[in-house]
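Work through the exercises below with the model open beside you. Try each task before you read its solution.

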Amino acid sequence: MSACCAPGRACTGGASATAVLPVPAVRRDAATATAFGGRMAELPGGAFRMGDAFGEGYHADREGPVRGVTVAPFAIDTTAVTNAEWAAFAAATCYRTDAERHGSSYVFHLLVHPKAAERHILGRVPGAPWWLGVAGATWDAPEGPGSDLVDRADHPVVHISYDDALAYCDWTGTRLPTEAEWEYAARGGLDGARYPWGDDLTPGGREMCNTWLGRFPHRSDRPGGRTGTVPVTAYEPNGYGLHNTSGNVWEWCADAFGPGERVIRGGSYLCHASYCNRYRVAARSHNTPDSSTGHGGFRRARDLAPDHTTEKGATA
């Protein structure tokens, strides 16, 4: 795939393992397996129109044609999995992510921590020089050695591969959503809309999602030049109660995109109409299962009984 959205593991060479920064364990109520990861919206399923109704997708992404799809009842996280939730998993299981095992991950160039920039840069991604391979970049040091998660417990965990996401789902008795489930839930009941809230990116001048503002990739026009993740409940939820299904972080889905790659959905804080118009609800992209980036996370799903009855958007 194009490296602009999600550089794959094969883009740069490996590196020796680098020590990661510890994060205090977060205690969770383990009364039920699905208690981990916060609230889930229980959706009755049904038929919906899936795909790009505006002809705005990239040909290689295969967003169209618009087609009728039916999904069975299911539940899905109202937010992406957070740093605090992943910290609890890591503390309980001693699980090491692909980024930790490989010794590196990919960080946006404006976010690399000064200490990491001194001696931990492995190189730039060909065709997308704003992505840097950084030794020691991982979920608890997301900008490389010297960075930490202070004041970001409620931000989405990043530098998570598809395989890492599966491990977390297995631990919580859940699974990744299918691509159809993800889009059904992300639409929030709006048939054929461009975004989870409608067709206008900024209705009434309001910002509705965390995407790039400014001249990509060199200048952010946010206050103080800020970029990166925001809390998982930032911005208004959609009609089904889901937050940030456009922007913030890419989210893994269960489906294969093609040989050796998996689907990612939702776009991220780096998406911009000038080069990666993939924060639309129909947009899709892909990456290899062991790849991780500073804008890649996930949310979970689980099955509901076929005769399960609930109002759309009910939470558990």
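Accessible areas come from the Shrake-Rupley method with a 1.4 Å probe, and for residues only the protein chains shown count as cover. This is a predicted model, where local features need pLDDT of at least 70 and side-chain atom pairs count only at pLDDT 80 or more, while totals for chains, interfaces and linings use all residues. Residues are numbered from 1 along each chain as its sequence is written, and side-chain values use heavy atoms, with hydrogens and water left out.

**Exercise 1. Describe the protein as a whole.**

Step 1: take the surface. The protein exposes about 12,600 Å². Carbon and sulfur atoms supply 54% of that area.

Step 2: take the interior. Of the 316 residues, 56% are buried (under 20% relative accessible area, with a 1.4 Å probe and protein chains only).

Step 3: list the elements. There are five helices and 15 strands. Both are DSSP runs numbered from the N terminus: helices are H or I with at least four residues, strands E with at least two.

**Exercise 2. Work out the strand order of the open sheet and find its edges.**

Step 1: recall the rule. Strands of a sheet pair through backbone hydrogen bonds, either parallel or antiparallel. Here, two strands pair if DSSP finds at least two bridges between them.

Step 2: read the order. Four strands run S12-S11-S10-S13, with mixed pairing.

Step 3: find the edges. S12 (284-287) and S13 (296-297) each pair on one side only.

Step 4: check one pair. S11 (residues 261-265) and S12 run antiparallel and are joined by four bridges. Arg262 has Asn287 in S12 as its bridge partner.

**Exercise 3. Locate the largest cavity and say what lines it.**

Step 1: define it. On a 1 Å grid over the protein atoms alone, a cavity is a set of points where a 1.4 Å probe fits but cannot get out; lining residues have an atom within 4 Å of a point.

Step 2: count and size. The structure holds four cavities of 30 Å³ or more. The largest has about 80 Å³ of space. A volume is the space filled by probe spheres set on the points, which are joined across faces, edges and corners.

Step 3: name the lining. It has 13 residues, and those nearest the centre are Trp252, Ile264, Asn287, Thr293 and Gly296.

Step 4: link it to the sheet. Strands S10 (250-258) and S13 each supply at least two lining residues. S10 gives the most, with three.

Note on methods: 1 Å grid on protein atoms, 1.4 Å probe; cavity = no way out; pocket = protein on both sides within 12 Å on 5 of 7 lines; lining within 4 Å. Buried < 20%, exposed > 50% of the residue type's maximum accessible area, 1.4 Å probe, protein only.
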